[in-house]
Amino acid sequence: MRYRLTFIAGVALGYVLGTRAGRERYEQLKKSARRLAENPAVRNAAETAAHNGRDFAGKAYQSVGDKVGDRVPASVAERVRSLRERSSRNGLEDDWGTTNT
């Protein structure tokens with residue numbers, strides 16, 4: 001699915017860059033994308049997918065943690081712990097992929 005979306009995005013980008021009226025078409029595509037992102041059904045689906053992903057990550061970590069014991073890096077354990085705390089408080093955002101300085 002990811003590769004299909006990447007291909008579609010590449011085709012769309014090529015189309016936009018290849019047309020004479022590229023700027024106008026770009027503005028139309030941008031407006032359509034914004035409307036799609038603001039659609040409540042799309043937002044609910046994205047939030048549900050993110051929530052399910054967080055739940056699955058927590059379960060996977062627990063399952064793997066039971067099998068590998070203390071060999072899980074501390075940084076991973078800390079992030080999963082913070083993720084569990086947020087999930088228990090019904091938080092929707094996480095800090096995966098960020099660095100703590």
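A salt bridge here is a side-chain nitrogen of Lys or Arg within 4 Å of a carboxyl oxygen of Asp or Glu. Keep that cut-off in mind, since we'll come back to it. What you have in front of you is a predicted model, and a search of the whole structure turns up 1 salt bridge.

Let's start with the overall picture. The protein chain has 4 helices and 0 strands, so reading from the N terminus the order is simply α-α-α-α. Of its 101 residues, 12% count as buried. The accessible surface adds up to about 8600 Å², with 56% of that belonging to carbon and sulfur atoms. As for contacts between residues at least 6 apart in sequence, 26% of them join residues at least 24 apart.

How far can you trust it? The average pLDDT of the protein chain is 77, and 78% of the residues score at least 70. Confidence peaks in helix 2, at 85, and bottoms out in helix 4 (residues 74-88), at a mean of 74. Where pLDDT is low, the predicted coordinates should not be read in detail.

Now to helix 1, which covers residues 2-18. From first C-alpha to last, its 17 residues reach 24 Å, close to the 24 Å expected at 1.5 Å a residue. This helix is hardly covered, with 1 buried residue among the 17. Look along it for I8, which joins L5, F7 and V11 in a nonpolar surface patch of about 410 Å². Why can I8 belong to a surface patch at all? Patch residues need over 30% relative accessible area, and I8, at 48%, is partly exposed.

Helix 2 (residues 22-38) is where the salt bridge sits, between K30 and E27. The closest N and O atoms of that pair are 3.9 Å apart, which puts the pair within the 4 Å limit. What about the spacing along the helix? K30 and E27 are 3 residues apart, so about one helical turn separates them. An α-helix has 3.6 residues a turn, so residues three or four places apart point the same way. Are the two partners buried or exposed? Neither quite: K30 is partly exposed, with a relative accessible area of 32%, and E27 is partly exposed too, also with 32%.

Conventions. Residues numbered from 1 in each chain as written. Predicted model: local features only at pLDDT ≥ 70, side-chain atom pairs only at ≥ 80, totals over all residues. Heavy atoms only, no water. Patch = residues over 30% accessible without salt bridge, like charges linked within 9 Å, V, L, I, M, F, W, Y side chains within 5 Å. Areas by Shrake-Rupley, 256 points an atom, 1.4 Å probe, with all protein chains shown as cover. Helix = DSSP H or I, 4+ residues; strand = E, 2+ residues; numbered from the N terminus. Buried < 20%, exposed > 50% of the residue type's maximum accessible area, 1.4 Å probe, protein only. pLDDT = per-residue confidence, 0-100. Contact = heavy atoms within 4.5 Å. Expected span 1.5 Å × (residues − 1).
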